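Subject: Handing over a structure, with notes

Dear colleague,

Please find the structure below, followed by my notes on it. I have tried to explain each term where it comes up.

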Protein chains: 2
Amino acid sequence: MRLTQEADYALRIVSTLAKGGGTMDSRTVSVKACVPERFTVKILRKLVLGGIVASKKGSAGGYMLAVSPDEITMLSVVELIDEPISISRCLDGEYECTKNNDKSCCVFHMIFAKLSSGLAEKLGSITIADATDDSVSIESILEKI
Amino acid sequence: MRLTQEADYALRIVSTLAKGGGTMDSRTVSVKACVPERFTVKILRKLVLGGIVASKKGSAGGYMLAVSPDEITMLSVVELIDEPISISRCLDGEYECTKNNDKSCCVFHMIFAKLSSGLAEKLGSITIADATDDSVSIESILEKI
DNA sequence: CTCAATCTATACCGTTTTGGTGCAGTTTTA
DNA sequence: TAAAACTGCACCAAAACGGTATAGATTGAG
C-alpha cells in the first residue's frame, strides 16, 4: 500500500529541478536528490516523455522543468511513474471482480473507489511549488489535505 | 499503490463469515468468497492468529468470527494481512530518509504521513457490519469517508 | 475405539514487480 | 573535432506476490 521508491525519487527530482531554477545535468540532479545516478537518468527520461521536464543535449546540456512548478502537481508526477492511483485492483478496467455481493456490486469496490479518488484529489491539489517555495508553510499544505 | 490481493480476499472472507453467522468450514468459505481454497486456508489462519476469527478443529469444525462484525473494522482486517497503511516508506521506522529538504524534514514525508493516517482513519471507521448488513446503505457508508 | 473430517504448520515455487546497472549510440557546442 | 551530455535498450538480482503441497494434530460421529 505504498508509492514505489521510483515515484518517491521522481518527486525529489522534480523538486530539485524546481529549486535549481535553470538547467542541471543528470549527475548534479542525482547528487542533489540523493538518487542513484543511472536511476536518476531513467526517471528523468520518463519525466521528459511525460512533458514535465525538458532536456537539452550536448555539452552544457541538461534538464530543466518544462512547465512552471505551480502547474506540476504531486499527482501528475506520481501517476507518470506509477500506475494511476487505485487502492483496489477491482477498480481497474481489465480486472473482473470475482465477487458480486448483495449490495449492488461489491461494497469494498465502491469504498476503495472513493478512497482512491479522494487520495488522488488531494495529491492533485499540492503543487511542486507548494513543496518547494519557502514562502509556503508546511502547515498550510497539510491543512488542505 | 494498492492493497494486496490477499488483503482484498481477507475482507471478502471475513464478510462471508459475517453473513454466514455460524461455523463454516474452509472449503465453504473458499467457495462463497471466491478465493482459491488453499489460499483461503492460509488467510483464515492469519485471521485466527490475529484474533478476528475463531476456529474449531475436528469433524464438524470450521471457522467463525471471534468478535461481533460491528467491532471489526476494514482497517483491522487489512493491517492484519498487509503492513500497516503507509503510503511512503519514509514513514517506516526502519527506513532512514536520505533526503532532508529545507523545510524542517522532508515535505513529502509529512504530506504522505498525513494522507496515510487519513486513509487509515477512514478504513478504521467502516466495520464489517456496515459492509454486510443490508440495513446499512452504501450511500451512508460512502458519506462518511 | 477408530476413522474421517477438519484445522495447523511449514515449506516450497513460479511469476511479476521493483530497483537498479551497463553500454553503445547520438547530438551539441566549446 | 572531441568532450560533455542526453537517449535507447537491454539486462540483472532481489524481493514481493499469489498460490500450492504435504505431513501432522485434533476432534467428534458412528
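How many residues of chain A are in contact with residues of chain B? The count is 35 residues of chain A in contact with 35 residues of chain B, where contact is taken to be two C-beta atoms, placed from the backbone, lying within 7 Å. On the side of chain A that touches chain B, α1, α5 (107-124) and α7 (138-143) of chain A each supply at least two residues, and the largest share, 8 residues, comes from α5(A). Helices (H or I, at least four residues) and strands (E, at least two) are DSSP runs, numbered from the N terminus. By class, this side of chain A has 19 nonpolar, 5 polar and 11 charged residues, with Ala, Val, Leu, Ile, Met, Phe, Trp, Tyr, Cys and Pro counted as nonpolar, Asp, Glu, Lys and Arg as charged, and the others, Gly among them, as polar.

Before you read on, please keep in mind that this is a predicted model, in which local features need pLDDT of at least 70, side-chain atom pairs count only at pLDDT 80 or more, and totals for chains, interfaces and linings use all residues. Residues are numbered from 1 along each chain as its sequence is written, while chains are lettered from A and ligands numbered from 1 in the order in which they are written.

The pLDDT, which is the predictor's confidence in each residue from 0 to 100, averages 89 in chain A, where 89% of the residues score at least 70. Over residues 91-96 of chain A, however, the pLDDT is below 50, and this stretch has 7 contacts in the model beyond near neighbours in sequence; residues 98-104 of chain A are also below 50, with 12 such contacts. Where pLDDT is low, the predicted coordinates should not be read in detail.

Turning to the DNA, 23 residues surround strand D, and the closest are Ser59(A), Thr4(B), Gln5(B), Pro36(B) and Gly58(B); a residue is near a strand if its C-beta atom, placed from the backbone, lies within 6 Å of it. Two or more residues of this surface come from each of α3 (37-49) and β2 (62-65) of chain A, and from each of α1 (5-20) and α3 (37-49) of chain B. Around DNA strand C there are 23 residues, of which Thr4(A), Gln5(A), Pro36(A), Gly58(A) and Ser26(B) come nearest.

Gly58(A) appears again in the hairpin of β1(A) and β2(A), which has 5 residues between the strands, and there Gly58(A) takes a positive phi near 80°. Strand β1 (residues 53-56) of chain A pairs with β2(A) in the antiparallel sense over 4 bridges, pairing being called when DSSP finds at least two bridges between two strands.

In helix α2 (residues 26-33) of chain A, the residues Ser26(A), Val29(A), Ser30(A) and Ala33(A) are buried, meaning that 20 or more other C-beta atoms lie within 10 Å of their own (exposed is 12 or fewer, partly exposed in between, with C-beta atoms placed from the backbone). Seen down the axis of α2(A), these buried residues fall within an arc of 100°, so they line one face of the helix; the arc is that of the directions from the helix axis to the C-beta atoms. Their cover includes α1, α3 and β2 of chain A.

After α2(A) comes Cys34(A), which has a positive phi near 60° although it is a residue other than glycine. Cys34(A) is partly exposed, with 15 other C-beta atoms within 10 Å.

With best wishes
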